[in-house]
Amino acid sequence: MDLLKVVETAFAKEIDFPEFGAGDTITVSYKIKEGEKERIQDYRGVVIQKKGEGTTKTFTVRKSTGGVGIERIFPLYSPLIDKIVVNKKGKVRRARIYYFRKLTGKKARIKEKRF
C-alpha cells in the first residue's frame, strides 16, 4: 500500500455526507470564526462540479444572489463543514456543468430527478 494512502486513511476524519453530484441543490452548513466567536452559516446552491480524489476532494457550489452568480469551492473533508443536506436531486447529463454559468432566468432551471 502506498504511504500516502496509509497516512490519508489514518488521519482522515470519518464523515458521513450524503451522496450528491453535479446538478443537485444542496445546503452546506459552514463554520465561520470571527475573533473568538464561532457561528454556522448556510450556503445553498447548485453543485457545479466535484473534483479530486481521497481527502483532497472538493466541490463547487453556485448560487445566484440579486442576479449576480456566486461560486464557492468547499473541501469535502474540511473540519469546518458541519453538515451537508441535499435539497433536490438534479437531472443533468454532464459531470461538470460549467454551461450553467451562462444561463439566466427560466433557462437556469435544472430538472428534478424522479424517484
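Let's start in the middle of things, with valine 61: setting aside neighbours within four places in sequence, valine 61 touches Ile26, Val28, Tyr43, Gly45, Val46, Val47, Ile70, Glu71, Arg72 and Phe74. Keep in mind as you click around that this is a predicted model. Valine 61 sits in strand E3, which covers residues 58-65. Is this valine buried or exposed? Its relative accessible area is 0%, and buried means under 20%, so valine 61 counts as buried. One of its contacts, valine 28, is worth picking out. Valine 61 and valine 28 are 33 residues apart in sequence, yet their C-alpha atoms are 9.0 Å apart in space.

Now zoom out for a moment. The protein has one helix and five strands, and reading from the N terminus the order goes α-β-β-β-β-β. How much of the protein is buried? Of its 115 residues, 29% fall in that class. As for contacts between residues at least 6 apart in sequence, 50% link residues that are at least 24 apart. The accessible surface adds up to about 8600 Å², and carbon and sulfur atoms account for 51% of that.

Next stop is isoleucine 73, which belongs to strand E4, residues 68-75. Here the picture is the opposite of buried: isoleucine 73 has a relative accessibility of 58%, and the cut-off for exposed is over 50%, so this residue counts as exposed. Which residues does isoleucine 73 contact once neighbours within four places in sequence are left aside? They are Thr58, Phe59 and Thr60. If you want a distance to check in your viewer, take isoleucine 73 and valine 47: they are 26 residues apart along the chain and 9.8 Å apart from C-alpha to C-alpha. Valine 47 should ring a bell, as it is among the contacts of valine 61.

Finally, follow the chain past strand E5 (81-88), and in the segment after it you come to arginine 93. Why does arginine 93 count as exposed? Its relative accessible area is 82%, and anything over 50% is called exposed, so arginine 93 qualifies. Arginine 93 also has company on the surface, where Lys91, Arg93, Arg94, Lys111 and Arg114 gather in a patch of positive charge.

So the walk has taken us from valine 61, buried at 0% relative accessible area, through isoleucine 73, exposed at 58%, and out to arginine 93, exposed at 82%.

Methods
Residues numbered from 1 in each chain as written. Predicted model: local features only at pLDDT ≥ 70, side-chain atom pairs only at ≥ 80, totals over all residues. Heavy atoms only, no water. Patch = residues over 30% accessible without salt bridge, like charges linked within 9 Å, V, L, I, M, F, W, Y side chains within 5 Å. Areas by Shrake-Rupley, 256 points an atom, 1.4 Å probe, with all protein chains shown as cover. Salt bridge = Lys/Arg side-chain N within 4 Å of Asp/Glu carboxyl O. Lys, Arg positive; Asp, Glu negative; His and termini not counted. Charge placed at Lys NZ, Arg CZ, Asp CG, Glu CD. Helix = DSSP H or I, 4+ residues; strand = E, 2+ residues; numbered from the N terminus. Buried < 20%, exposed > 50% of the residue type's maximum accessible area, 1.4 Å probe, protein only. Contact = heavy atoms within 4.5 Å.
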